[in-house]
Amino acid sequence: MGRAERRAIHGWIVLDKPLGLTSTAAVARVRRLTGAAKIGHGGTLDPLATGILPIALGEATKTVGFAMTGAKTYRMRIAWGEERSTDDREGVVTATSAVRPAPADIEAVLPRFVGEILQVPPAFSAIKVAGRRSYALARAHAAGAGEAPPPLAARPARVDAIRSLDPGASREEAEFEVECGKGVYMRSLARDLARALGTCGHVAALRRTRVGPFDLSQAVRFDPDDPPTAGNSADPENSLDTMGDLCHKPPLIAHLLPVATALDDIPALALTEAEAERLRHGIAVAPGSADMVRRLAALDDGTVASAFQGERLVALVEIRDGAIRPVRVMNL
């Protein structure tokens with residue numbers, strides 16, 4: 001579909017990203033299938049990871065930042081005994097250990113990785129080193145075309161919970177569910193958890209099951225022949241390969257979530273028609289009712305909120321000096 005044929009489609013599609021596909025390639029495929037004029041995603045997934053990739057269409061791209069900062073949930077399987085260059089099964093083995101942690105030892109060490117922690121990101125990550133991506137330097141070194149990238153500095157990360165799933169099911173692997181904030185590297189977590197247990201380890205499988213308000217119950221897949229996953233039926237209508245047709249049919253509504261879905265965690269303000277019109281023109285609004293004055297008084301200066309006229313999202317706004325100031329106006 002040519003650029004001139006692109007359509008104004010606004011909302012979120014929650015993709016259950018398949019194994020082996022990059023996030024960029026997934027976005028490109030959704031663009032082709034939907035014909036959306038504007039598109040982006042909320043939170044990159046590695047090719048070897050599967051699961052929730054929220055894709056923003058049209059005016060939803062203005063809310064991507066809120067999706068990316070939302071809490072996330074992962075299911076991670078760690079293979080014990082080998083540390084790898086990429087900290088997942090794609091890399092070459094860099095260290096080995098005969099130690100296999102007991103379930104009791106795993107449970108005992110997990111609390112050390114909950115809360116505000118420091119993580120050294122994987123060498124194969126998108127962090128820039130002297131203007132170049134760390135993964136580019138690491139790949140060049142692996143191919144014999146450059147020096148090893150310098151060690152990356154530790155970064156703060158927030159892990160809300162780690163739970164061991166089916167402890168003792170296997171001595172060679174263990175599965176975990178992790179709830180965390182933005183910027184947590186699951187590969188680093190697997191590497192560091194293994195080291196704390198006196199062994200080596202890497203991510204054998206990774207699946208993201210939630211990003212902020214988005215979860216598998218809302219997700220669609222690319223291939224109707226894929227086995228159904230949690231929250232999905234085997235019905236081809238639930239596949240993105242049918243999206244091109246669905247764009248012209250009412251069933252698309254079942255897959256396209258409202259733009260405001262990503263804004264569930266921020267305050268919402270109800271506007272009058274006159275207030276909404278001012279915001280649409282980029283003009284700050286002074287609260288006109290006693291109820292609005294009370295609501296704004298309960299919010300800190302600098303708070304970002306969503307502003308609605310009825311059910312229609314008008315703008316993302318900032319509360320500043322007792323007024324409502326437009327940050328991103330929605331063309332809906």
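How do the residues of the lining of the largest cavity divide into nonpolar, polar and charged? The model behind the answer is predicted, with local features needing pLDDT of at least 70 and side-chain atom pairs counting only at pLDDT 80 or more, while totals for chains, interfaces and linings use all residues. Residues are numbered from 1 along each chain as its sequence is written, and side-chain values use heavy atoms, leaving out hydrogens and water.

To begin with the whole chain, 8 helices and 17 strands are present (DSSP runs, H or I of at least four residues for helices and E of at least two for strands). Of the 332 residues, 45% are buried (under 20% relative accessible area, with a 1.4 Å probe and protein chains only).

Now for the empty space. Rolling a probe the size of a water molecule over the atoms shows where such space is left. The structure holds 1 cavity of 30 Å³ or more; a cavity is a set of points on a 1 Å grid over the protein atoms alone where a 1.4 Å probe fits but cannot get out, and its lining residues have an atom within 4 Å of a point. The largest cavity has a volume of about 80 Å³, this being the space filled by probe spheres set on the points. Its lining includes Asp46, Asp88, Arg89 and Arg187, and strand β12 (residues 201–211) gives the largest share, 4 residues. The lining divides into 6 nonpolar, no polar and 4 charged residues (Ala, Val, Leu, Ile, Met, Phe, Trp, Tyr, Cys and Pro count as nonpolar, Asp, Glu, Lys and Arg as charged, and the others, Gly among them, as polar).

Terms used:
Buried < 20%, exposed > 50% of the residue type's maximum accessible area, 1.4 Å probe, protein only. 1 Å grid on protein atoms, 1.4 Å probe; cavity = no way out; pocket = protein on both sides within 12 Å on 5 of 7 lines; lining within 4 Å.
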